[in-house]
Amino acid sequence: MDIEQFRKAGYQAIDRICDYYYSLQNRPVVPQVEPGYLRKHITATSLPEEGEDFQIIADDYQKFILPGLTHWQHPSFFAYFPTACTFEGMLGDLYASSATNPGFNWLASPACTELETIVIDWAADLLGLASEFKNDSGIGGGVFQTTASDSVLVVVAAARSLYLSRHPQAKIEELVIYTTTQTHSVGAKAGIVYGIKVRAIPVNMEDGLALRASALRKAIEEDEAAGLRPFILIASVGTTSSGAIDCIPEIREVVKDHPDLWVHIDAAWAGVALACPETRETMFLDDINAFANSFCTNFHKCYVVFQWGLVNFDCSALWVRNRRHLTDALDITPAYLRTKHGDEGKVIDYRNWHLGLGRRFRSLKVWFVLRSYGAEGFRKYIRECITHNNTFASLIRASNRLQLVTEPSFALTVFRLVPPSRSVPAVSPADSGVDLSAISSSGITSEYDLEALNDLNKDYMSRLAARSDIMLTQTTLNGIYCIRFAVGAARTKDEHVRRAWEVVEEEAEKALEAWNA
Ligand code: PLP
């Protein structure tokens, strides 16, 4: 393809993308295809020898690929954590790939490094992070990673290296990564990657599935008595299943007695809500600012969550209180990567702040999105998502057969179906007076067997999953099978939430009919 052919194909691509967005609302959210559908259309068993006309390839995208896409940008997508996507972000990606510029060193592309240091400092201010986390502190700093999982891999490497520098006699097999039973699988995956033990500390429904000091202290005491060395805790501010927030002030107290424990805050999903000052107390921002070693949130999300931050996948922001801990762990500088400015320590070489060498120019799309929305526009979008979720949660609260399993968290509601005649109020200490200590062991109500209720809800979920006009996903919370409703698609409006409610009600009716039959 030459430049003029690109111009033509590019205009056509933009036209088709605009048409796609105009038609999005009328498409099914979930594709109507069966496994193996694409093989029937792409019949060539190997790469053709002769190159093809690009128009044919572009048309095949429309004909064969689009019908097999799940439309995450559909306003009725309430599954996982939606990944919001904006036109500004798309254009940022387009410009970035036009320059295709793996800015691993400052010299590899000064603009890539410098824009990243500026934009991620803006983002730190937007979220209210302490100045110590900013690049302009000269000590801490921020870096865009691919995903929150990569951020965890980076901080585990840094924490391990810091711990071993303080305790050179420690053996790798003695090290332990702490998570909770609600932590995203990123913790377990880090254990696999580094060959390090992982301990998932149990959390209770009565504590809102949050990690408390007593459980953390107990785990540390037991492990230390067994000759093990907990060196990092991945604490969650907004878990994937229910949006639970670990009790950060209590963790802060525990860490005073165990200063070797690196605390990483995984706020992959909920962290961007810190842009709205009214969320900061709930998310324990003051404590995070006072002691956490690292903090991560996704500006894309996955969003299951949302990548709630309006930036197209991928874009995970990681901040550390001390950048030296990253570079001490990850800096390898062979001769071919040395530069004058790097040797003089005058510039950031981001290759030493992440796992790979080359890196995408992610800050460009963040810059486009943040400037175009402005801080106030960004907050408005987050608040709208929370409002939509509150609307949905209040409909659940008012229902005599649908029940909140945990309190709604920002843009996430977790609920389940309970037969009405014997249903109990929502599981909220404030609202229901239900004895929460009974929940984790025996289910929400003693009137129904937990297993029977779980079966009912699995049937209910399979009915919801069979719909193509809406998408929700399921989880289990301490043995309770539940359904998650997550808001975050940029085009979701009140009417979509209310339509989702109608669908949820309609399928509840059918599931109960089958249960009673
Ligand atoms: N942490 C939490 C709390 C999440 O919800 C998710 C994804 O939904 C992740 C981590 C992993 O995110 P990523 O896909 O960016 O690795």
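Two strands pair if DSSP finds at least two bridges between them. Helices (H or I, at least four residues) and strands (E, at least two) are DSSP runs, numbered from the N terminus. This is a predicted model: local features need pLDDT of at least 70, side-chain atom pairs count only at pLDDT 80 or more, and totals for chains, interfaces and linings use all residues. Residues are numbered from 1 along each chain as its sequence is written.

**Exercise 1. Pair strand 1 and check its cover.**

Task: find how strand 1 pairs with strand 7, and state whether its residues are buried or exposed.

Solution.
- Step 1. Strand 1 covers residues 141-145. Strand 7 covers residues 316-320.
- Step 2. The two pair in the antiparallel sense, over five bridges.
- Step 3. Take one bridge: Gln 145 has Ser 316 of strand 7 as its partner.
- Step 4. Apply the burial rule. A residue is buried if 20 or more other C-beta atoms lie within 10 Å of its own, exposed if 12 or fewer, and partly exposed in between; C-beta atoms are placed from the backbone.
- Step 5. Five of the five residues of strand 1 are buried.
- Step 6. Split them by direction. Gly 141, Val 143 and Gln 145 point one way, Gly 142 and Phe 144 the other way, and all are buried.

**Exercise 2. Lay out the open sheet.**

Task: give the strand order of the open sheet of four strands, and say which strands stand at the edges.

Solution.
- Step 1. The order is 8-9-11-10, with antiparallel pairing.
- Step 2. Strand 8 (402-404) and strand 10 (473-477) are the edges. Each has a single partner strand, so one side of each lacks a neighbour in the sheet.
- Step 3. From one strand to the next, the twist averages 45°. Axes here are lines fitted to C-alpha atoms, for helices over the stretch in contact, and angles run from 0 to 180 degrees between N-to-C directions.
- Step 4. Add the helix. Helix 13 (residues 362-398) packs on the sheet and touches strand 8, strand 9 and strand 11 (480-486). Its direction makes about 20° with that of strand 9. Contact means that the C-beta atoms of two residues, placed from the backbone, lie within 7 Å.
- Step 5. Inspect one pair. Strand 8 and strand 9 (residues 412-417) are antiparallel over three bridges. Gln 403 has Arg 416 in strand 9 as its bridge partner.

**Exercise 3. Describe a helix pair.**

Task: work out how helix 13 and helix 17 cross.

Solution.
- Step 1. Two packed helices are described by the angle between their axes and the distance between the axes.
- Step 2. The axes of helix 13 and helix 17 (residues 494-516) come within 10 Å and cross at roughly 25°.
- Step 3. Classify the angle. Under 35 degrees counts as roughly parallel, over 145 as roughly antiparallel, 65 to 115 as roughly perpendicular and the rest as oblique. Helix 13 and helix 17 are therefore roughly parallel to each other.
- Step 4. Assign the hand. A crossing is left-handed if the near helix is turned anticlockwise from the far one by less than a right angle, and right-handed if clockwise. Helix 13 passes helix 17 in a right-handed crossing.
- Step 5. List the meeting residues. Helix 13 brings His 388, Thr 391, Phe 392 and Leu 395. Helix 17 brings Asp 494, Val 497, Ala 500 and Trp 501.

**Exercise 4. Examine two positive phi angles.**

Task: locate Leu 209 and Phe 284, and decide their burial.

Solution.
- Step 1. Leu 209 is not a glycine, yet its phi is positive, about 65°.
- Step 2. Leu 209 sits in the loop between strand 3 (197-201) and helix 8 (213-225). With 25 other C-beta atoms within 10 Å, Leu 209 is buried.
- Step 3. Phe 284, also not a glycine, has a positive phi of about 55°.
- Step 4. Phe 284 is in the loop between strand 5 (262-266) and helix 10 (285-291). Phe 284 has 22 other C-beta atoms within 10 Å and is buried.

**Exercise 5. Place a loop residue.**

Task: state where Asn 101 lies and which residues it touches.

Solution.
- Step 1. Asn 101 lies in the loop between helix 4 (87-99) and helix 5 (110-127).
- Step 2. Asn 101 has 17 other C-beta atoms within 10 Å, so it is partly exposed.
- Step 3. Not counting residues up to four places away in sequence, Asn 101 touches Ser 109, Cys 112 and Phe 361.
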